[in-house]
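Reader: I have a few naming questions about this one. Could we go through them?
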Amino acid sequence: MAALHQLRDEELHVEDVPLSAVAQRFGTPTFVYSRAALSASYREFEGAFKSALATTSASYVGTGTQVTNGLADTRAPLICYAVKANPNIAILNLFARLGSGFDIVSVGELARVVAAGGDVSKVVFSGVGKSVDELRTALQAGIGCFNIESTAELHRLERVAAGHGAVAPISIRVNPDVNPNTHPYITTGLTENKFGVAREVALDLYRKARACAHLRIVGIDCHIGSQITEIGPYTDALARVLELVDQLADEGIALEHLDLGGGLGIRYRDESPPSIDAYAQALARVYGARPQRLMFEPGRILVGNAGLLLARIEYLKPGPVKNFAIVDAAMNDLMRPALYDAYHAVLPVKPRLGTSMLYDVVGPICESGDWLARSRSLVVEEGDLLAIDSAGAYGMSMSSNYNTRPRAAEVMIDGDRMFEIRARERVAQLFEGESLLP
Ligand SMILES: *Cc1c(COP(=O)(O)O)cnc(C)c1O
């Protein structure tokens, strides 16, 4: 992926815009994204699978098995960007224009996709707790597929669809029981997790679904976790899903698509996630040349390193044990460090010469968990701008108003232009819906 920022004239730039110009115009804290980086990561993902699958198609032809002319098209993978990673409608719109579908987990996200001009027929709806209202709304909107996560949900959707004289397209989310070796909070494909159903249950659910007049079986899906930095868990999961696909085929249940979820990791510090190419090639090899369309639900890999959080140092607070750089961004803006002990690189926007000191970079919130980075060697002064890197995914989308802090602005850089794609919240907005007792 193209680098998000570079040092030019002794200042950090995103594309052709110096970050001090962003701070001057929009204030801080502000999330800053690069249009070029977002487009590049989408194209890289799409391109990697197109070429990986073209290779397996070629070997398919070589075996002499019958191939239809439409093969190339039906084998083009469908990318359904996971909206929850970063749901700003400008970002959704950018991906929609590149041809993306979307993976949603609420009807709120569906409304965003619609507002962003996304193609609703390319939307898949994941999540363990879809309400009757959500099922109804998504069905009426004409979404592409409901990823069913339990027996109870299957029955609920059948009732909702029957009530509307409609037929709901479904896939069953299978829990392949592989360990992706990532943070326990973002592991989703183990038997102990709440997501999906075990393989034996899945078979039974497909049989039940076949008997439902208002359900149409279109696919199968799995999603094993997030920030995964190895290929093995993916190829294992795919192999297990393919076994199921074959069992289903034996029973006369043919699937149109196979959705392998998201979860591919990015580099925050020293991780070495597989390249998208290596990931695509490994999956394509296991997949071989099957008739189903492959689908993916990438989130972090498309946006994580295409955004940063720009903050300003309010105070330097030296101490006997630790030095603190207290910035105007906090855990309410970027929750990952507090939640997962996550690492984000911290870069001075205008690097200084001098003797560095070790700092914990912390926010103003009244919690000891309110830190953004620990023990970083920095040469900084009060008022300096810092870029908190790799904040494009699960940054703004997990933000809150804790301590009645208005949420940050979001700015998209495109060449030498800046667009405010979300205005900084105003304090009055934060208690708009509240009222005094009579
Ligand atoms: C969160 C999620 C994704 C995206 O995960 P990333 O790690 O951001 O790629 C995809 N599918 C489902 C079902 C999810 O819950």
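Author: Sure, starting with a term: on a 1 Å grid over the protein atoms alone, a pocket is an open set of points where a 1.4 Å probe fits, with protein on both sides within 12 Å along at least five of seven lines, and lining residues have an atom within 4 Å of a point. Bear in mind that this is a predicted model, where local features need pLDDT of at least 70, side-chain atom pairs count only at pLDDT 80 or more, and totals for linings use all residues. Residues are numbered from 1 along each chain, and side-chain values use heavy atoms, without hydrogens or water.

Reader: Which residues lie nearest the centre of the largest pocket?
Author: Lys84, Thr188, Phe195, His223 and Tyr394, out of 30 lining residues.

Reader: How do you know where the largest pocket lies relative to domain 1 and domain 2?
Author: Domain 1 (5–34 + 304–430) and domain 2 (55–297) both contribute lining residues, so the pocket lies between them. The domain bounds come from an automatic or database assignment.

Reader: What makes lysine 208 and aspartate 204 a salt bridge?
Author: The term needs a side-chain nitrogen of Lys or Arg within 4 Å of a carboxyl oxygen of Asp or Glu. Here N to O is 2.8 Å, so the pair qualifies.

Reader: Why is aspartate 414 called buried?
Author: Buried means under 20% relative accessible area, exposed over 50%, and partly exposed in between (1.4 Å probe, protein chains only). Aspartate 414 has 19%, so it counts as buried. Its salt-bridge partner arginine 417 has 47%, so arginine 417 is partly exposed. Shared partners join Arg35, Asp414 and Arg417 into one salt-bridge network.
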